[in-house]
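Let's take a look at a protein together and see how its parts are arranged. Have the picture open while you read.

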Amino acid sequence: MSTVTESVDVDVPIRAAYNQWTQFEEFPRFMEGVQEIRQLDPTHTHWKTEIAGVKREFDAEITEQLPDERVAWKSTEGEKQAGVVTFHRLDDTHTRVTVQMDFDPQGFVENAGDKLGIVDRRVKGDLKRFKEFIEGRGGIESGAWRGEVDRPGA
């Protein structure tokens, strides 16, 4: 397994940053290689990606969600990955968004890309585009889901 950790500071209140992040179907607007995400129910999503010419589909489950704090997920089939995005209030109008993702690169291309730091740069770029997306909307999120998902075993 490989791990990537990246952060970005956004010029919006924590509530706006968190609310926008819960709009998974909007991810293709700022995540490179993500073609489509369908929200199947409050805790399950279906992803379609194309990265370096490799098309993949997989399902993911939200394993923990605390409004204005964190969203954690893991894949349930297909591409093996898990992660957490956390939201840190810097002040009333600024938030730090941190993504930590564990993934299992498959095949020569993905392993080479991982070793060359391509995944790290992609996540960093996705966070930069998230910043541009939410700030470009004037800090107005396109929707929100404020429900909670308890951590397994909690």
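## Rings that pair up

A search through the whole structure, which is a predicted model, turns up 10 aromatic pairs. Take W21 and F30: their ring centres sit 6.0 Å apart with 45° between the planes, and this aromatic pair is tilted. As for burial, W21 is buried and F30 is too.

Now try F24 and F27. Their ring centres are 5.4 Å apart and their planes meet at 75°, which is over the 60 degrees needed, so this pair counts as edge-to-face. Are F24 and F27 buried or exposed? Both of them are buried.

## One cluster of rings

These residues also belong to a bigger group. W21, F24, F27 and F30 join W47, F58, F130 and F133 in one aromatic cluster. Try picking them out in the picture.

## Helices and strands

How many helices and strands does the protein chain have? There are three helices and seven strands. Follow the chain along its sequence and you'll meet them in the order β-α-β-β-β-β-β-β-α-α.

## Inside and outside

Zoom out to the whole protein chain. It has 154 residues, and 44% of them are buried. The accessible surface adds up to about 8,200 Å², with 49% of that belonging to carbon and sulfur atoms.

What about contacts along the chain? Among contacts in the protein chain with a separation of 6 or more, 51% link residues 24 or more positions apart.

Note on methods. Residues numbered from 1 in each chain as written. Predicted model: local features only at pLDDT ≥ 70, side-chain atom pairs only at ≥ 80, totals over all residues. Heavy atoms only, no water. Helix = DSSP H or I, 4+ residues; strand = E, 2+ residues; numbered from the N terminus. Buried < 20%, exposed > 50% of the residue type's maximum accessible area, 1.4 Å probe, protein only. Contact = heavy atoms within 4.5 Å. Areas by Shrake-Rupley, 256 points an atom, 1.4 Å probe, with all protein chains shown as cover. Phe/Tyr/Trp six-rings, centres within 6.5 Å; stacked < 30°, edge-to-face > 60°.
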